[in-house]
Amino acid sequence: MNIAVFGANGQLGRCFRDVSRESTLCYTFYNRDQFDISDPFSFTELNPPDIDVLINCAAYTAVDQAEEDRSTADRINVTGAKMLADFGVLHNIPLIHFSTDYVYGKASEPISEDQEIDPVNYYGQSKWNGEEEIRKSGVSHLIIRTSWLYSEYGHNFVKTMLRLAIQHDKIKVVHDQTGSPTYAQDLARAVDQILRSADDDLELPWGIYNFANHGAITWHRFAVEILKDKAVLVKPIPTSDYPTLAVRPAYSVLDPSKFEHAFGIDIPQWQESLERCMEKI
Ligand SMILES: NC(=O)c1ccc[n+]([C@@H]2O[C@H](COP(=O)([O-])OP(=O)(O)OC[C@H]3O[C@@H](n4cnc5c(N)ncnc54)[C@H](OP(=O)(O)O)[C@@H]3O)[C@@H](O)[C@H]2O)c1
């Protein structure tokens, strides 16, 4: 099975690169310079008969910047997603796409896929609009909504905490936002596992799924766990003391049970996954 991965230099894309080294599937990776998902001319470079599955790791992920640069967020998260979906429809190639917990409205218990949609910020809105384009296109798709993604690659909370701990002896972290951290390697590995176990006709239970490591924690507790072996004080602060351009949800714990049941994959607890990531870092 031949798989084309776009946005291959982002953190999830780089985790797919790692996974591909031990996979029986044949992956081809395209970074942004090689393939801009929002540029129609990029698509003329692809040879459809050589592709069985499209995986879109490309996205505009600057959550705060998206509030002010809506047109760029739209171009990548909406138009880019639409163009990939249209390419998939035209050539009968399924699309695996990633979205975010930020598409959901207010919640106070683990969020399932049928929870009300009410994006809390423009990044979330653009990701939702991209999802809608994929659904409307009619392409066979998996849309996987994930949250608090981290890995040994790129910019993410775990790496930021480790960097701050070198520079400071005291760090302030918000204690009133609860969510589900997700190790990007777990997500990439799970997608590879789904594709490896698919039949030749690629008959999969297409649709929308949540994917996050199990467990609910606050950013503060997550930081304490990341820095437990470091000589640094992690001080809890309220969100009101850390203003950002984009609103973040106070409670955003994803329930990944639909994914686990559909694909027979057990997703690890966040502590176990964080430990594996810290070993790699
Ligand atoms: N990070 C999170 O906490 C989080 C949470 C929930 C959901 N997600 C979703 O998970 C997916 C993966 O996120 P991530 O953390 O791996 O993001 P990331 O590290 O920001 O990677 C995104 C990649 O997309 C590339 N890209 C941007 N515009 C592009 C374009 N027009 N054409 C091709 N490539 C383009 C970027 O290239 P450059 O490096 O050149 O900019 C970057 O390599 C995304 O769909 C994201 O929305 C992420």
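**Briefing: sheets and helix packing in a predicted model**

Helices α7 and α9 are oblique to each other, since their axes cross at roughly 45° and angles that are neither under 35 degrees, over 145 nor 65 to 115 count as oblique. The structure is a predicted model. An unreviewed UniProt entry annotates residues 1–280 as "domain: RmlD-like substrate binding". Within that span, helix accounts for 36% and strand for 18%, and the C-alpha atoms at its two ends are 29 Å apart. The points below take up the helix pairs around α7, then the six-stranded sheet with its helices, and lastly the three-stranded sheet.

**Helix α7 and its partners α9 and α5**

- Helix α9 spans residues 270–280, and its axis comes within 11 Å of that of α7.
- The crossing of α7 with α9 has a right-handed sense.
- On the α7 side, this contact involves Arg-221, Phe-222, Glu-225 and Ile-226, while α9 supplies Trp-270, Gln-271, Leu-274 and Met-278.
- Sorted by class, the residues joining α7 and α9 comprise five nonpolar, one polar and two charged.
- Helix α5, residues 157–167, packs against α7, residues 219–226, at about 60°, and the two axes are 10 Å apart.
- That angle makes α5 oblique to α7.
- The crossing of α5 and α7 is right-handed.
- From α5, the residues Phe-157, Val-158, Met-161 and Leu-162 meet Trp-219, Phe-222, Ala-223 and Ile-226 of α7.
- The contact of α5 with α7 consists of eight nonpolar residues, with no polar and no charged ones.
- Phe-222 and Ile-226 of α7 take part in the contact with α5 and also in the contact with α9.

**The six-stranded sheet**

- Six strands form an open sheet in the order β2-β1-β3-β4-β5-β10, and their pairing is parallel.
- The edge positions belong to β2 (26–30) and β10 (207–211); each has a single partner strand, so one side of each has no neighbour in the sheet.
- On average, neighbouring strands in this sheet are turned by 25° against each other, direction ignored.
- Strand β1, residues 2–6, pairs with β2 in the parallel sense through five bridges.
- Asn-2 is placed opposite Cys-26 of β2.

**Helices on the six-stranded sheet**

- Helix α6, residues 184–196, packs on the sheet and touches β1, β2, β3 (53–56), β4, β5 and β10.
- The direction of α6 makes about 150° with that of β4.
- Helix α4, residues 122–137, lies across β4 (95–100), β5 (141–146) and β10.
- Relative to β4, helix α4 runs at about 155°.

**Helices α1 and α6**

- Helix α1, residues 11–20, packs with α6 at an angle of about 55°, their axes being 8 Å apart.
- The two helices α1 and α6 are therefore oblique to each other.
- The sense of the α1–α6 crossing is right-handed.
- Helix α1 contributes Leu-12, Cys-15, Phe-16, Asp-18 and Val-19 to the contact, and α6 contributes Ala-184, Gln-185, Leu-187, Ala-188, Arg-189, Val-191 and Asp-192.
- The residues of the α1–α6 contact divide into eight nonpolar, one polar and three charged.

**The three-stranded sheet**

- Three strands make up an open sheet ordered β11-β8-β13, in which the pairing is mixed.
- Strands β11 (217–218) and β13 (251–252) are at the edges with a single partner strand each, so each has one side without a neighbour in the sheet.
- Strand β8, residues 178–179, runs parallel to β13 and is joined to β13 by two bridges.
- Thr-178 stands opposite Tyr-251 of β13.

Technical notes: Residues numbered from 1 in each chain as written. Predicted model: local features only at pLDDT ≥ 70, side-chain atom pairs only at ≥ 80, totals over all residues. Heavy atoms only, no water. Axes fitted to C-alpha atoms, helices over the stretch in contact; angles between N-to-C directions. Helix = DSSP H or I, 4+ residues; strand = E, 2+ residues; numbered from the N terminus. Left-handed = near helix turned anticlockwise from the far one by under 90°. Contact = heavy atoms within 4.5 Å. Nonpolar A, V, L, I, M, F, W, Y, C, P; charged D, E, K, R; others polar. UniProt positions renumbered as here; feature names shortened; annotations may be inferred. Pairing = 2+ DSSP bridges.
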